[in-house]
Amino acid sequence: MVLEKLGSSLRNAVSKIMGKSVIDEAAVNEFVREVQRSLIEADVDVKLVLEISRRIKERALKESPPPGFSRRDLAVKILYEELTNLLGRKPAEIPMESKKTNVIMMVGIEGSGKTTTVAKLAFWLSKRFGKVGIISADVMRPASKLQIEQLVGPDIPVFSKESKDPVEIMREGIEFFKRERYNFVIIDTAGRHKDESSLMSELDAYREIGPDLVILTIDGTIGQAAYAQARAFAEKVPVGGVIVTKLDGAAKGGGALSAVAASGAPILFIGTGERVDDLERFDPERFVSRLLG
Ligand code: GDP
């Protein structure tokens, strides 16, 4: 379970307000203060926290509860809705056409968990949508092919070849998997270094290959910095979805999740561990329901 600390402190705020006999302005203020504290502790951007608090307070005092709801229930319902809004509301779709080989290109900063996530996604897709192949085109780190193979085991083929030209590897890999009628191909590209802005040209590879979907991996432990990172990539290539990784150990994962959502890039999955099946589909409503218990 991710973000346990945020969940338990939000649930605490909820159970306190549920125990009150009268929901007046003082009770709402106390509730909002506790929600604020929980979100700030989870590293959610202060401006977003203030905006959410203002909306909860205003709505909880002004709106009338729907039939069968008490004012207490209303406050909790509003919290649920505002948190869901913060995270993007609806789950983002994974585009897929059944009669072709769908090509996904993974991009991200080195160390963000990109290669691990390629393996996880391949595993996830193969369980649901048939044949999945991987192209290892990380020419900066040839050992990543072995890393992927160790993660996925013998069931998912990993294509690579000795070459300094990632586009050549990608092209040949796509041809190979198309011939074999694979449903999905996932391309692992070389990770961009934090301080090198022009080393890897994701845009060149994108233009040459024309993938159906570009997925960006972002390390969930970097908190607010996730916003700038998601924006920077999305300005270079059309990022169709983000996977926020390492949300298992990070008590502060709320920061990265809300930051990415605020950048406008839809979150497709979250990574919750180092194993190949530690990947969860990100559905804001389900996520918030689980958070609030
Ligand atoms: P890359 O350089 O972006 O390709 O990153 P790697 O895939 O090699 O991952 C870097 C490190 O992060 C490795 O030690 C992975 O096991 C670890 N890692 C990746 N995803 C997760 C995750 O969701 N949770 C945890 N705890 N570790 C992860």
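Biologist: Which helix holds Phe287?
Modeller: Helix H11, residues 284–292, holds Phe287. Keep in mind that this is a predicted model.

Biologist: Why is Phe287 called buried?
Modeller: The relative accessible area of Phe287 is 7%. Buried means under 20%. The value 7% falls under that cut-off, so Phe287 is buried.

Biologist: How far apart are Phe287 and Pro65, in sequence and in space?
Modeller: They are 222 residues apart in sequence. In space, C-alpha to C-alpha, they are 24 Å apart.

Biologist: Now Pro91. What makes Pro91 count as partly exposed?
Modeller: Its relative accessibility is 30%. Buried needs under 20%, and exposed needs over 50%. The value for Pro91 lies in between, so Pro91 is partly exposed. Pro91 belongs to the loop between helix H4 (71–86) and E1.

Biologist: Which residues is Pro91 in contact with, leaving aside neighbours within four places in sequence?
Modeller: Phe282, Asp283 and Pro284. A contact takes heavy atoms within 4.5 Å. As for Leu268, it is 177 residues from Pro91 along the chain, and their C-alpha atoms are separated by 7.1 Å.

Biologist: On to the sheet. What is the order of its eight strands?
Modeller: The order is E3-E2-E4-E1-E5-E6-E7-E8. The sheet is open, and its pairing is mixed.

Biologist: Why do E3 and E8 stand at the edges?
Modeller: Strand E3 (158–159) and strand E8 (279–281) each have a single partner strand, so each has one side without a neighbour in the sheet.

Biologist: What packs on the sheet?
Modeller: Helix H9, residues 225–236, does. This helix touches strand E1 (102–108) and strand E5 (213–219). The direction of H9 makes about 155° with that of E5.

Biologist: How do you know that E2 and E4 pair?
Modeller: A pair needs at least two bridges. Five bridges join E2 (residues 132–136) to E4 (residues 184–188), so the two strands pair. They run parallel. One of the partnerships is that of Ile135 with Ile187 in E4.

Biologist: In which sense do E5 and E6 pair?
Modeller: In the parallel sense, over five bridges. Ile215 has Gly241 in E6 as its bridge partner.

Biologist: What makes E6 mostly covered?
Modeller: Five of its five residues are buried. Gly241, Ile243 and Thr245 point one way, while Val242 and Val244 point the other way. Side chains in a regular strand alternate between the two faces of the sheet.

Biologist: Why is Thr245 called buried?
Modeller: Its relative accessible area is 4%. The cut-off is under 20%, so Thr245 is buried. Thr245 lies in strand E6, residues 241–245. Not counting residues up to four places away in sequence, Thr245 touches residues including Ser112, Thr217, Asp219 and Gly271.

Biologist: Which pocket is lined by Thr245, among others?
Modeller: The second largest pocket; Gly111, Lys120, Asp248 and Glu274 are also among its lining residues. This pocket holds about 160 Å³ of space. Helix H5 (residues 114–129) gives the most to the lining, with three residues.

Biologist: How do the residues of that lining divide?
Modeller: Into no nonpolar, six polar and four charged. Gly counts as polar here, so Gly111, Gly113 and Gly273 are in the polar group.

Biologist: What volume does the largest pocket have?
Modeller: About 260 Å³. Its lining divides into four nonpolar, three polar and five charged residues. Lys counts as charged, so Lys145, Lys161 and Lys164 fall in the charged group.

Note on methods:
Residues are numbered from 1 along each chain as its sequence is written. This is a predicted model: local features need pLDDT of at least 70, side-chain atom pairs count only at pLDDT 80 or more; totals for chains, interfaces and linings use all residues. Side-chain values use heavy atoms; hydrogens and water are left out. Helices (H or I, at least four residues) and strands (E, at least two) are DSSP runs, numbered from the N terminus. Axes are lines fitted to C-alpha atoms, for helices over the stretch in contact, and angles run from 0 to 180 degrees between N-to-C directions. On a 1 Å grid over the protein atoms alone, a cavity is a set of points where a 1.4 Å probe fits but cannot get out, and a pocket is an open set with protein on both sides within 12 Å along at least five of seven lines; lining residues have an atom within 4 Å of a point. Grid points are joined across faces, edges and corners, and a volume is the space filled by probe spheres set on the points. Buried means under 20% relative accessible area, exposed over 50%, partly exposed in between (1.4 Å probe, protein chains only).
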